[in-house]
Amino acid sequence: MLPHNTCSIIQNASRAAIPKVPLQYTTQNFHLSRLLLDQGMITNVTLGSPASNNPSTFLGTDEQHRRIWLELKYRSNRPVLHSMSVISKPSKRVWMEKAEVKRWVNGARIKGVSGLKLGEIGYLKTHGHGWLEARDAARRNLSGEAMTRALTFRFFINTANSNMVKVAQVEYSTYGHIYTLGDSINKGLIESGVQVDRFRIPETLSIDALNKMGAPKDLRSDIPLLEDVNKLAEYDGLIFGFPTRYGGRPAQVSTLVDRTGGLWAKGALSKKTCSFYISTATVHGGQEITHTNNISFAAHHGMIYVPTGYIAPNLFQLDVNGGSAWGASTIAGGDGSRLPSAEEHEVARIHGKHFGSVTNQFGIGAEKLAARKAGDPAAAAGTEGAVKSAEKREEGVTNEQNKSANEEPKQEASKEKQDKAASDEKQDKPVEDSKQENPAQDNKEAQTKEKTGTFKKLKNRISKIL
Ligand SMILES: Cc1cc2nc3c(=O)[nH]c(=O)nc-3n(C[C@H](O)[C@H](O)[C@H](O)COP(=O)(O)O)c2cc1C
């Protein structure tokens with residue numbers, strides 16, 4: 001259990017603009033400090049004594065009086081850490097199951113604990129994985145005890161730096177079927193542990209035209225409109241939902257798609273995952289072709305198209321229902337009176353979950369690659385590796401001998417990696433050299449360069465038009 005006064009000590013010091021604050025040296029305080037540092041809420045953590053944050057004083061101080069010193073962070077004279085509060089108390093411990101953790105980080109109230117808001121960080125104590133930031137625990141499909149939460153000032157929030165893999169769910173619907181089906185897609189995405197932002201594609205028809213079509217007004221106005229198409233570039237995955245128009249997409253969706261030329265010129269959507277869910281009026285009105293007709297949009301942007309295959313058991317049943325290997329769909333009926341069935345909702349939930357987990361796979365892969373490039377082998381091995389190495393660091397503080405014993409195998413492992421990289425490099429070399437000696441290859445390269453030049457010019461021209 002977190003010492004009862006830890007949160008108030010940090011919060012009060014932060015609000016009083018005090019640069020450094022000491023906490024009692026306990027395992028729980030240590031884990032919390034480390035996570036606050038990882039999340040950029042504070043600038044530094046050192047070990048010391050009640051009088052000083054000098055680490056050399058730590059071991060000389062008796063255990064009871066050892067301190068963890070936090071250096072607090074301020075920007076524009078405001079504390080970055082605005083407030084902190086304890087969640088689990090001795091009188092009421094709050095344990096969250098895996099699904100509850102995922103819902104909590106997406107803003108749902110769990111066991112009387114309000115959902116995490118934008119700019120808020122939750123900390124969980126998990127079984128076997130120690131203390132983790134709640135979004136990290138959700139992504140890794142872990143349950144845990146909700147220990148504490150910390151809120152930063154909203155104007156410091158930069159969601160682009162959030163460590164969660166992010167999906168934009170982008171929809172257009174005239175009569176509402178897509179939004180209803182989209183609720184189950186959304187549920188599945190949340191279950192997968194990604195952060196989901198849901199958007200509506202703006203209407204392009206006049207009110208008059210919509211009235212003539214009998215389209216309801218202000219459908220799902222709770223979902224924000226995607227006004228700025230460039231926002232798509234902020235996400236790791238894009239999932240689009242729309243009704244069919246003669247086996248293709250509606251003009252409203254095409255308007256959005258046609259505005260992505262600038263993003264295409266920059267390759268800004270390249271390597272993002274992409275999927276579709278759709279609706280038709282009739283059974284054979286374009287259930288599959290509406291999916292396939294839109295794959296070229298994903299392909300031209302270099303996105304990774306994600307179909308579902310037959311992972312949803314309902315796809316094998318023979319009653320009239322939407323859904324196929326391409327993804328979720330529903331059948332609205334000629335007059336729009338049919339609502340998505342329970343089976344279609346289930347396919348949609350599974351589609352959302354599958355898309356989220358595939359996006360997570362790519363997102364986490366990218367994170368590991370970046371960590372590898374930055375030379376952090378623990379992070380490159382995954383967050384688990386980072387946590388383990390942090391725990392080793394903690395042990396090291398209290399036992400210098402253990403530290404060196406622990407670090408030896410790690411150094412060995414990284415040396416092994418370096419050797420392997422060097423030998424891989426050597427193997428690559430002769431291929432490169434032989435390329436240079438081959439005149440046919442030279443000629444080919446010259447042609448490729450020429451093509452790339454023309455392509456760049458075309459890109460520039462399109463960027464100017466847009
Ligand atoms: C111009 C137009 C073309 C359409 N083309 C088809 C079609 O080819 N096949 C079909 O089954 N339904 C077609 N529909 C019906 C829509 O797909 C149906 O209204 C929609 O799936 C309902 O979804 P929503 O409630 O999300 O708008 C068309 C509707 C319009 C307005």
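Reader: What makes the pair formed by an oxygen atom of the ligand and a polar backbone atom of Ala281 a polar contact?

Author: The distance does. This is a predicted model, and in it the two atoms are 2.9 Å apart. The limit for a polar contact between N or O atoms is 3.5 Å, so this pair counts.

Reader: Which other residues have N or O atoms that pair with the ligand in this way?

Author: Ser173 is one of them, through its side chain. An N or O atom there is 2.6 Å from an oxygen atom of the ligand. Gly285 uses its backbone instead. One of its N or O atoms lies 2.7 Å from a nitrogen atom of the ligand. Both values are within 3.5 Å, so both pairs are polar contacts.

Reader: How many residues surround the ligand, and which are the closest?

Author: There are 18. The closest are Ser173, His177, Ser279, Ala281 and Gly285.

Reader: Why is Gln11 called buried?

Author: Its relative accessible area is 15%. Buried means under 20%, so Gln11 qualifies. Gln11 sits in helix H1, residues 6-15. Leaving aside residues up to four places away in sequence, Gln11 touches His82, Ser83 and Met84.

Reader: Is Gly60 buried or exposed, and how do you know?

Author: Its relative accessibility is 74%. Exposed means over 50%, so Gly60 counts as exposed. Gly60 belongs to the loop between E2 and E3. Its C-alpha atom is 8.5 Å from that of Ser49, 11 residues apart along the chain.

Reader: What makes E1 and E3 a pair of strands?

Author: Count the bridges. E1 and E3 share 5, in the antiparallel sense. A pair needs at least two, so the test is passed. Gln24 stands opposite Arg67 in E3.

Reader: Why are E1 and E2 said to stand at the edges of their sheet?

Author: The order in this open sheet of 3 strands is E1-E3-E2, with antiparallel pairing. E1 and E2 each have a single partner strand, so each has one side without a neighbour in the sheet. Neighbouring strands are turned by 25° against each other on average, direction ignored.

Reader: Which helices lie against these strands?

Author: H1 packs on the sheet and touches E1 and E3. Its direction makes about 175° with that of E1. H2 lies across E1, E2 and E3, running at about 150° to E2.

Reader: Which residues touch the most other members of the largest nonpolar core?

Author: Ile10, Leu36, Leu70 and Tyr123 do, in a core of 26 residues. Several elements give two or more residues to this core, including H1, H2, E1, E2 and E3. H2 gives the most, with 4 residues. Take Leu70. Not counting residues up to four places away in sequence, Leu70 touches Ile10, Leu36 and Val45, among others. Apart from this core lies another, of 24 residues, among them Leu226, Leu232, Phe240 and Met303.

Reader: Which residues of helix H7 are buried, and what covers them?

Author: H7 spans residues 251-258. Gln252, Val253, Ser254, Leu256 and Val257 are buried there. To be called buried, each must have a relative accessible area under 20%. The cover includes strand E11 (166-171), strand E13 (237-243) and helix H10 (295-301).

Notes
Residues are numbered from 1 along each chain as its sequence is written. This is a predicted model: local features need pLDDT of at least 70, side-chain atom pairs count only at pLDDT 80 or more; totals for chains, interfaces and linings use all residues. Side-chain values use heavy atoms; hydrogens and water are left out. Buried means under 20% relative accessible area, exposed over 50%, partly exposed in between (1.4 Å probe, protein chains only). Contact means heavy atoms within 4.5 Å. A nonpolar core is a set of buried Ala, Val, Leu, Ile, Met, Phe, Trp, Tyr and Cys residues joined through side-chain atoms within 4.5 Å. Axes are lines fitted to C-alpha atoms, for helices over the stretch in contact, and angles run from 0 to 180 degrees between N-to-C directions. A residue is near a molecule or strand if one of its heavy atoms lies within 4 Å of it. A polar contact is a pair of N or O atoms within 3.5 Å; within protein, one must be able to donate a hydrogen and the other to accept it, and residues adjacent in sequence count only if both atoms are side-chain atoms.
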